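Student: I would like to practise reading a structure feature by feature. Could we go through one together?

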Amino acid sequence: MTDKQGNGRTKNGRRRRLLILTKEFRPEPNFITGDVADALVAHMDVVVVTAHPNYPFGRFYDGTRYWWPSRSIEKGVIVWRLPFYPDKSLSLWRRALSYLSFALAAALFSPFVAGKPDTVWVYHGPFTTGLAALWFRLVYRSRVVITAADLWPESFAAAGVASHGVLLRMMYAYSRAVNRMADLIVCCTRGTLDRYRRDGIPEQRLCYVPVWTTTSAPPEPVAEMRRETARLVYAGNMGPAQNLETLIRAAAELEKRDLPVAVHLYGTGTREAELKKLAQRLNASNVIFHGAVAPAIAFHACASSFAQVVLLRRSPLFRMTVPSKLYFSFAAGAPLLCGLEGEAAELAAESGGAIPFESDDAQSLVDAVAHLMRLDDSERARMRQRLHAFYQNNFAPHSLLRAYEEILAGIVTRTVPAIAEREQRVAVRQVS
């Protein structure tokens with residue numbers, strides 16, 4: 001138990017211990033686990049068990065001794081990195097083997113390096129990671145907190161990795177069993193929260209804290225860099241879920257119309273090669289691929305662009321989720337062109353700085369670009385100001401990080417105040 005002051009000590013005065021189980025950790029772009037670990041190490045002993053870095057390519061980083069466990073101390077945090085089988089293909093069996101290999105490695109290794117943690121925090125990406133918490137829950141009675149960064153196994157179906165059938169039903173059963181093990185589930189979207197309510201998870205074991213972006217928003221909105229050619233920027237993963245074929249086809253149509261627009265893509269993924277081939281086939285010379293870049297470079301490109309593009313393929317799952325890229329785009333502050341549904345579309349509309357389009361319709365995106373180009377400079381500047389204010393009021397990292405500090409110290413925070421107020425405003429609009 002934690003004392004009421006939340007000073008990181010148990011009733012008998014022993015310094016508390018937190019074990020973080022996550023498949024991705026810095027230098028991979030899972031900044032939330034790193035931020036939380038850094039914040040709590042001053043008050044608790046923090047041990048991280050993760051995999052050798054390989055994201056997003058599914059290949060181990062250069063210089064990694066991937067065949068052997070490694071230990072390091074980073075900003076006072078003890079980090080253990082374990083060998084496993086990496087895979088980023090669309091093969092269900094290879095992907096499952098990859099996820100299970102890390103879960104098995106973490107389950108076997110963690111009891112020897114984590115001691116008796118008071119709290120085990122499982123960052124669910126993927127949901128098999130929760131297996132490694134079973135030992136601590138059953139033997140040490142550790143408190144288990146799970147962050148549902150994505151909805152699993154829905155993500156498999158939405159990305160085309162798994163189809164409906166017996167195996168998918170087994171995955172749902174496993175997901176419900178693991179979630180019932182948790183003392184608290186942190187949901188990153190309201191759709192995820194509703195999904196777990198329908199699964200029968202008691203209300204007192206659910207809370208809502210969205211993700212935050214790796215790069216803090218500037219104190220004032222960044223002005224659009226003046227260029228003869230308008231720059232549309234996409235920064236993020238290039239996988240099947242993003243449906244970036246729509247963006248490439250829209251770029252080709254914009255070029256045919258002789259509109260001064262260039263599309264810049266920052267990032268990589270399993271569809272990158274196919275997207276490049278599509279751009280060549282359509283003679284879309286206004287499409288520029290920059291590859292993987294540092295987050296700060298991608299953030300600057302987005303912030304100074306004419307507009308940012310955020311899209312996901314149409315799927316029932318994606319109506320319940322919010323891509324982390326959307327929070328990144330709110331922080332960057334340039335006008336948004338959004339091919340989104342459900343909760344993500346509602347957030348984009350509420351921001352006051354977004355123009356919607358259909359994610360599977362290139363002509364719809366072309367029309368959205370043309371509409372944005374017809375606006376005068378002052379209106380686009382107001383869109384930037386509204387996005388900046390929306391981010392600062394609802395997704396400022398310090399308040400979200402504080403919520404995690406309280407949750408993992410044993411003081412359950414139901415939701416972040418600013419977000420609770422926003423939910424109330426949405427509810428009032430729905431009733432009225």
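Tutor: Gladly! Let's begin with an idea we will need: a polar contact is a pair of N or O atoms within 3.5 Å, where, within protein, one must be able to donate a hydrogen and the other to accept it. Keep in mind that this is a predicted model.

Student: Which residue shares a polar contact with the side chain of T192?

Tutor: The partner is T189: a polar contact of 2.8 Å links the two side chains. T192 itself sits in helix α6, which spans residues 190-198.

Student: Is T192 buried or exposed?

Tutor: The cut-off to use is a relative accessible area under 20% for buried residues. T192 has a value of 2%, so it counts as buried.

Student: What does T192 touch, leaving aside residues up to four places away in sequence?

Tutor: T192 is in contact with A148, L151, C187 and M320, once those sequence neighbours are set aside.

Student: Let's turn to helix packing. How should I describe a pair of helices?

Tutor: For two packed helices, give the angle between their axes and the distance between the axes. Take helix α7 (residues 245-256) and helix α12 (residues 362-374): they pack at about 60°, and their axes are 8 Å apart. Angles of 35 to 65 degrees fall in the oblique class, so α7 is oblique to α12.

Student: What is the handedness of the crossing of α7 and α12?

Tutor: That crossing is right-handed. On the α7 side, T246, L247, R249, A250, E253 and L254 take part, and they meet A362, Q363, L365, V366 and V369 of α12. By class, the residues of this contact are seven nonpolar, two polar and two charged.

Student: At what angle do the axes of α10 and α13 cross?

Tutor: The axes of α10 (residues 324-332) and α13 (residues 377-394) cross at roughly 120° and come within 7 Å. These two helices are therefore oblique to each other. Y327, F330 and A331 of α10 make the contact with L387, F390 and Y391 of α13. Here the division is six nonpolar, no polar and no charged residues.

Student: And the chain as a whole: how many helices and strands are there?

Tutor: The protein chain has 15 helices and 14 strands. Of its 432 residues, 56% are buried.

Student: What share of contacts join residues at least 24 apart?

Tutor: Among contacts between residues at least 6 apart in sequence, the share is 73%.

Terms used. Residues numbered from 1 in each chain as written. Predicted model: local features only at pLDDT ≥ 70, side-chain atom pairs only at ≥ 80, totals over all residues. Heavy atoms only, no water. Helix = DSSP H or I, 4+ residues; strand = E, 2+ residues; numbered from the N terminus. Buried < 20%, exposed > 50% of the residue type's maximum accessible area, 1.4 Å probe, protein only. Contact = heavy atoms within 4.5 Å. Axes fitted to C-alpha atoms, helices over the stretch in contact; angles between N-to-C directions. Parallel < 35°, antiparallel > 145°, perpendicular 65-115°, else oblique. Nonpolar A, V, L, I, M, F, W, Y, C, P; charged D, E, K, R; others polar. Left-handed = near helix turned anticlockwise from the far one by under 90°.
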